[in-house]
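Here's a quick briefing to read with the structure open in your viewer. Take it topic by topic and follow along in 3D.

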Amino acid sequence: MTGEQKNIAPIIRAEALTKNFQGMVALNAFDFSVNEGEIVGLIGPNGSGKSTVVNLLTGVLAPTSGRVLIDGKDFTGAAPHVVARHGVVRTFQMIRLFPSLTVERNIVLALQEQSGPGYMSSFLNRRNAMAWHEKAACKARDMLALFEMEKHAHKLATDLSIGQQRMVELARGLATNPRIFILDEPAAGLSPINVDRLIEMIRRMRDEFGVTILLVEHVMRVVQAVCDRVVVLDYGQKVADGKPDVVVQDPKVIEAYIGLGRSSHA
Ligand SMILES: Nc1ncnc2c1ncn2[C@@H]1O[C@H](COP(=O)(O)OP(=O)(O)OP(=O)(O)O)[C@@H](O)[C@H]1O
Ligand SMILES: [Mg+2]
């Protein structure tokens, strides 16, 4: 941990968060919070509302009702870049790198986006702009080195394997110094060796960089290895919230996963 002051309020909190899509309730009165320093898992069968939660917490979707609080302040309906500048950073279930840009450039762009007006003003002075870019490229390379991806810095994102692209997404997010990093199925498409690597990197992001983590994941090996607490969704409802080894034995959770024969990819 970083030794910064501990907030009594959680970093992020959902209050009675509800999302309807054309009359279908994707998320129903969801109460939830993540405290500083936690690694919280969010699991549930396909279509149970996990990505909807992530989209609502990060401003990609506006809720039908309910509130999103960051550090106790109301961010309901705030735009994604506003949420991101308050340290709430995410990856996407479908990888979202710019395929025709280099790996390094993808990270520099994220840093540019995060700096907002500060970055723009550096353009007023050519020397400042060059210094900014040099610093950003340096930061990008440091992050790539951390994820053992530095040798791919100048490749196009599209030329990397899925596993490598997922590592770049993590490096890109971490480069922006998130307070909370929300990962939507980071293990999807990874080989077992890369899953081990992912487990190690999630732990390091929390333990060495002080990043709080919300992990949406179907691969239970990852959830059980890293999570302090696990929240379970089923049909848009929270059905459990507790320690991983307790939650996996909860009859409501077992019912959600196997009772109806739905897929879990676990
Ligand atoms: N933009 C949208 N428009 C209409 N329906 C949507 C939209 N996004 C999600 N849904 C629906 O909301 C429900 C919850 O979807 P969500 O993507 O949150 O599930 P999930 O738990 O992330 O599933 P998975 O494990 O497959 O990623 C599903 O029935 C889905 O079809
Ligand atoms: Mg999803």
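Arg-67 sits in strand β4, and keep in mind that everything here comes from a predicted model. Arg-67 is partly exposed, with a relative accessible area of 35%. Along the chain Arg-67 is 53 residues from Ala-14, yet the two C-alpha atoms are 5.9 Å apart in space.

**Other pairs that are distant in sequence**

- Glu-185 belongs to the loop between β7 and α7 (192–207). With a relative accessible area of 8%, Glu-185 is buried, because the cut-off for buried is under 20%.
- Glu-185 pairs up with Gln-93: 92 residues separate them in sequence, and 5.6 Å separates their C-alpha atoms.
- Thr-102 is in the loop between β6 and α3, and at 23% relative accessibility Thr-102 is partly exposed.
- From Thr-102 to His-152 is 50 residues along the chain and 8.6 Å from C-alpha to C-alpha.

**The magnesium site**

- Which atoms coordinate the magnesium ion (ligand 2)? They are OG of Ser-51 and OE1 of Gln-93, at 2.1 to 2.2 Å.
- These two residues link distant parts of the chain: Ser-51 is in helix α1, Gln-93 is in the loop between β6 (88–90) and α3 (103–115), and they are 42 residues apart.
- Ser-51 is partly exposed at a relative accessible area of 21%, and Gln-93 is also partly exposed, at 32%.
- Gln-93 turns up in the ligand 1 shell too, as one of the closest residues there.

**Around ligand 1**

- How many residues surround ligand 1? The count is 14, and the closest are Gly-47, Lys-50, Thr-52, Gln-93 and His-218.
- By type, the shell splits into eight polar, four nonpolar and two charged residues.
- His-218 puts a polar side-chain atom 2.8 Å from an oxygen atom of ligand 1.
- The side chain of Asn-46 has an N or O atom 3.1 Å from an oxygen atom of ligand 1.
- Ser-48 makes its approach through the backbone, where an N or O atom lies 3.2 Å from an oxygen atom of ligand 1.
- On its own, ligand 1 has 630 Å² of accessible area, and the protein covers 64% of that.
- Two elements give two or more residues to the shell, namely β2 (24–34) and α1 (50–57).
- Helix α1 supplies the largest share of the shell, with three residues.

**Helix α1 itself**

- Seven of the eight residues of α1 are buried, so the rest of the structure largely encloses this helix.
- The buried residues are Lys-50, Thr-52, Val-53, Val-54, Asn-55, Leu-56 and Leu-57.
- Two of those buried residues, Lys-50 and Thr-52, are also among the residues closest to ligand 1.
- Ser-51, the magnesium-coordinating residue of this helix, is partly exposed at 21%.
- Gly-59 comes just after α1 and takes a positive phi of about 80 degrees.

**Backbone angles to check**

- As background, most residues other than glycine have a negative phi.
- Asp-71 goes the other way, with a positive phi of about 50 degrees although it isn't a glycine.
- You'll find Asp-71 in the loop between β4 (65–70) and β5 (73–74), where Asp-71 counts as partly exposed at 28% relative accessibility.
- Asn-177, another residue other than glycine, also has a positive phi, near 55 degrees.
- Asn-177 is placed in the loop between α6 (162–175) and β7 (180–184).
- Is Asn-177 buried or exposed? Asn-177 is exposed, because its relative accessible area of 54% is over the 50% cut-off.

**Cysteines**

- A disulfide is a covalent bond between the sulfur atoms of two cysteines.
- How many disulfides does a search of the whole structure find? The search finds zero.
- Cys-138 is partly exposed, with a relative accessible area of 39%, whereas Cys-227 is buried, with a relative accessible area of 8%.

Methods:
Residues numbered from 1 in each chain as written. Chains lettered and ligands numbered in written order. Predicted model: local features only at pLDDT ≥ 70, side-chain atom pairs only at ≥ 80, totals over all residues. Heavy atoms only, no water. Near = heavy atom within 4 Å. Polar contact = N/O pair within 3.5 Å; in protein donor to acceptor, adjacent residues only side chain to side chain. Areas by Shrake-Rupley, 256 points an atom, 1.4 Å probe, with all protein chains shown as cover. Helix = DSSP H or I, 4+ residues; strand = E, 2+ residues; numbered from the N terminus. Nonpolar A, V, L, I, M, F, W, Y, C, P; charged D, E, K, R; others polar. Disulfide = S-S within 2.5 Å. Buried < 20%, exposed > 50% of the residue type's maximum accessible area, 1.4 Å probe, protein only. Donors = N, O, S within 2.8 Å, 3.2 Å for Na, K, Ca; no water.
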